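Open the model in your viewer and keep the selection box handy. We'll go stop by stop, picking something and looking at what is there.

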Amino acid sequence: MTAPNPQNTGTHDAAGDYLRSVKAQQVGPGDRFLTRQGEPSTPVAQIRTTRDDFGTPALVVATLSDGREVRIAYGSTIRVRTHRPAPALDVSTDLSPVEEGSPEATVVEVAQLHPDNQHVLAVASKLSRGINLRSGAQLEDIDTLARHLFIDLDDSDGALRLTTLLTQLPYDGAMGRWKSIESSLALAANIHFHRGEEAEGRAAGARLAEPDQDEEDPIRAQRAAEIRQRQMNEPNLYDREVLRAEANGDPIGERGWRESRLATLMYLRARGGSETFTQEELDRRVRREVAALRALAETVASED
């Protein structure tokens with residue numbers, strides 16, 4: 001389990017190069033194109049851009065070290081292996097145009113408040129190209145970004161705005177999608193409780209019970225309720241894992257486990273507590289965990 005990477009650097013291969021999708025005009029000498037089978041070409045030796053009859057860039061022509069030429073449509077995206085880290089994203093150029101009032105607009109507006117945060121811009125850049133609220137992966141991106149805003153940037157307003165994209169979605173039996181909706185509901189409820197907005201917090205928390213109410217068979221429903229109550233009374237708070245990461249001086253690993261702990265605590269608080277954890281105790285633990293995570297974020301940032 002790891003913390004979100006604040007840099008838009010792509011993934012690394014065994015040789016330490018970056019594997020990344022780039023615009024054709026961003027290809028540079030030394031880059032290697034990746035085939036559909038994932039095999040790299042010989043390195044790019046030279047790049048030139050050709051224009052159409054109206055003077056608009058049309059093609060990027062890459063000459064490889066073996067003399068072959070590769071022609072790529074200007075503006076298209078291509079996968080490369082490169083030794084160059086990604087250039088810093090720019091809030092004015094790397095976020096796509098969006099329709100006013102759309103989910104994409106909400107993401108872009110929140111991201112514009114953090115123009116120097118590369119992690120925020122990387123996620124927002126991807127989401128600004130189009131959000132499908134039926135996509136579990138995109139819901140997860142939105143929820144993860146909301147938690148990053150809340151934990152790392154202490155931006156409760158921005159986090160709450162993003163959660164509204166998910167908390168209005170219904171439970172439809174798709175647990176993959178519901179996982180992100182549930183997470184955003186718990187986050188929203190805790191933000192509201194922290195602000196003293198009890199009615200709003202309870203409303204968000206109440207929706208967490210929707211999967212429990214979906215079972216029509218009364219015997220199965222009772223059994224599921226008993227299992228759920230036991231899980232809430234004896235939650236896994238990852239104490240052993242957190243202590244091990246602390247002892248090993250592993251702040252990234254510790255952050256991952258503490259994030260899991262915080263998610264559990266927030267869920268319990270949003271549900272109104274359990275038979276073993278009062279709401280007041282959960283409020284205290286949530287505040288303590290958020291403080292610990294923010295301190296770890298500063299530690300990790302200082303080591304980058």
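At roughly what angle do the axes of α3 and α5 cross? Select both helices and look: the answer is roughly 25°, with the axes coming within 8 Å. Axes here are lines fitted to C-alpha atoms, for helices over the stretch in contact, and angles run from 0 to 180 degrees between N-to-C directions. Since angles under 35 degrees count as roughly parallel, over 145 as roughly antiparallel, 65 to 115 as roughly perpendicular and the rest as oblique, α3 and α5 are therefore roughly parallel to each other.

Before moving on, some housekeeping. This is a predicted model, so local features need pLDDT of at least 70 and side-chain atom pairs count only at pLDDT 80 or more, while totals for chains, interfaces and linings use all residues. Residues are numbered from 1 along each chain as its sequence is written, and side-chain values use heavy atoms, with hydrogens and water left out. Helices (H or I, at least four residues) and strands (E, at least two) are DSSP runs, numbered from the N terminus.

**Zoom out**

Show the whole chain. You should be able to pick out ten helices and seven strands. Along its principal axes the C-alpha trace spans about 70 × 45 × 40 Å. Colour by burial and 42% of the 304 residues count as buried (under 20% relative accessible area; exposed is over 50%, partly exposed in between, with a 1.4 Å probe and protein chains only). Switch on the surface: the protein exposes about 16600 Å², and carbon and sulfur atoms supply 48% of that. The areas come from the Shrake-Rupley method with a 1.4 Å probe, and for residues, only the protein chains shown count as cover. For contacts (heavy atoms within 4.5 Å), take those between residues at least 6 apart in sequence: 59% of them join residues at least 24 apart.

**Back to α3 and α5**

Select the pair again. Their crossing is left-handed, meaning that the near helix is turned anticlockwise from the far one by less than a right angle (clockwise would be right-handed). Now show side chains. On α3 the contact uses G136, L139, E140, D143, A146, R147 and F150, and on α5 it uses R177, S180, I181, S183, S184, L187 and I191. By class that is six nonpolar, four polar and four charged residues. Ala, Val, Leu, Ile, Met, Phe, Trp, Tyr, Cys and Pro count as nonpolar, Asp, Glu, Lys and Arg as charged, and the others, Gly among them, as polar.

**Along α5 to α9**

Keep α5 (residues 175-194) and add α9 (residues 251-270): their axes come within 8 Å and cross at roughly 70°. That makes α5 roughly perpendicular to α9. This crossing is left-handed. For the touching side chains, pick E182, A186, L187, A189, N190 and F193 on α5, then M266, Y267, R269 and A270 on α9. The contact has seven nonpolar, one polar and two charged residues.

**From α9 to α8**

Hold α9 and bring in α8 (residues 239-247). Here the axes come within 8 Å and cross at roughly 160°, which means α8 is roughly antiparallel to α9. α8 passes α9 in a left-handed crossing. Select D239, E241, V242, A245 and E246 of α8 with G253, E254, W257, R258 and R261 of α9 to see who touches whom. The residues of this contact divide into three nonpolar, one polar and six charged.

**Two loop residues**

Y238 sits in the loop between α7 (218-233) and α8. Leaving aside neighbours within four places in sequence, Y238 is in contact with W257, S260, R261 and T264. Check its backbone: phi is near 55°, a positive value in a residue other than glycine. Most residues other than glycine have a negative phi. Next, jump to D154, in the loop between α3 and α4 (156-167). D154 has a positive phi of about 50° and is not a glycine either.

**Last stop: α2 and T106**

Select α2 (residues 118-128). Nine of its eleven residues are buried, among them H119, V120, L121 and L127. The cover over these buried residues includes α1 (103-111) and α3 (136-151). Finish on α1 with T106. T106 is buried, with a relative accessible area of 14%. Not counting residues up to four places away in sequence, T106 touches R161, L162 and L165.
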